Amino acid sequence: MGYKYVVSYAPTSRARCKGCGKNIARGALRVSRDTGPIAQFNDHSIVNHFHLKHAFDTMQRALCSSKVVLKRQDLEGLAALKPQDRIKVGRQITTFSRTRRGRCSRHKSVRKSKIRKSKSKSKSKSKSTKRDH
Ligand SMILES: [Zn+2]
């Protein structure tokens, strides 16, 4: 997916965060995700807004195949922020890319179930072959 992420200050307090469903306060840091043209919507794009924190929460759960913000270049609008906010957002990106590393929840669960399968729970019922002396 060709997602585009833009960070900005919310111009109004009307937009709702897609992550938590609450309104984003005016002037708060807001991340907008633009899906880019979607075929089943006549090539219109869908824009969702998030609180800064909830944008990263949502990306943490995203599948490996979907685009997320792993470096500063992946997030537009950074340069327009106040210096202290730029640092704050930059830190979020660094923390996120460190924990994400291309993994998604689906892959994690696949890995877990594999481990469980290989570990057979049953105690060896059949008595181990007695050694004849
Ligand atoms: Zn939120």
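Two residues are taken to be in contact if their C-beta atoms, placed from the backbone, lie within 7 Å. On this criterion, and leaving aside residues up to four places away in sequence, Val69 touches Tyr5, Met59, Asp74, Leu75, Ile93 and Phe96. The structure examined is a predicted model.

The protein chain contains three helices and four strands. Read from the N terminus, its elements follow the pattern β-β-β-α-β-α-α. Of the 133 residues in the protein chain, 13% are buried. When contacts between residues at least 6 apart in sequence are considered, 55% of them connect residues at least 24 apart.

The four strands form an open sheet with mixed pairing, in the order β3-β2-β1-β4. The edges are occupied by β3 (47–51) and β4 (75–76); each has a single partner strand, so one side of each lacks a neighbour in the sheet. Helix α1 packs on the sheet, where it touches β2 and β3, and its direction makes about 115 degrees with that of β3.

Strand β1, comprising residues 4–9, pairs with β2 in the antiparallel sense over six bridges. Within this pairing, Tyr9 lies opposite Leu29 of β2, and Val7 has Val31 of β2 as its bridge partner. The pairing of β2 with β3 is likewise antiparallel, and it extends over five bridges. Here Val31 has Phe50 of β3 as its bridge partner. Val31 is thus a bridge partner of Val7 and of Phe50.

These three residues recur in the largest nonpolar core, which has 13 residues. The members touching the most other members are Val7, Val31, Phe50, Ala55, Met59, Val69 and Val89. At least two residues of this core come from each of β2 (29–34), α1 (52–61) and α2 (83–100). The greatest contribution is that of α1, which supplies three residues. Two of the core members named above, Met59 and Val69, are also in contact with each other.

The packing of two helices is described by the angle between their axes and the distance between the axes. For α1 and α2, the axes come within 11 Å and cross at roughly 15 degrees. Angles under 35 degrees count as roughly parallel, and α1 and α2 are therefore roughly parallel to each other. The crossing of α1 past α2 is right-handed. In this packing, Leu52, Phe56, Met59 and Gln60 of α1 meet Val89, Gln92, Phe96 and Arg100 of α2. Met59 and Val89, which belong to this set of residues, are also among the core members with the most contacts to other members. Phe96, another residue of the set, is in addition one of the contacts of Val69.

Arg100 is located in helix α2. With 17 other C-beta atoms within 10 Å, Arg100 is partly exposed, since a residue counts as buried at 20 or more such atoms and as exposed at 12 or fewer. Residues up to four places away in sequence aside, Arg100 touches Gln60, Val68 and Leu70. Of these contacts, Gln60 is a residue of α1 that takes part in the packing against α2. Val68 lies 32 residues from Arg100 along the chain, and the C-alpha atoms of the two residues are separated by 9.6 Å.

Notes. Residues are numbered from 1 along each chain as its sequence is written. This is a predicted model: local features need pLDDT of at least 70, side-chain atom pairs count only at pLDDT 80 or more; totals for chains, interfaces and linings use all residues. A nonpolar core is a set of buried Ala, Val, Leu, Ile, Met, Phe, Trp, Tyr and Cys residues joined through C-beta atoms within 7 Å. Two strands pair if DSSP finds at least two bridges between them. Axes are lines fitted to C-alpha atoms, for helices over the stretch in contact, and angles run from 0 to 180 degrees between N-to-C directions. Angles under 35 degrees count as roughly parallel, over 145 as roughly antiparallel, 65 to 115 as roughly perpendicular and the rest as oblique. A crossing is left-handed if the near helix is turned anticlockwise from the far one by less than a right angle, and right-handed if clockwise.
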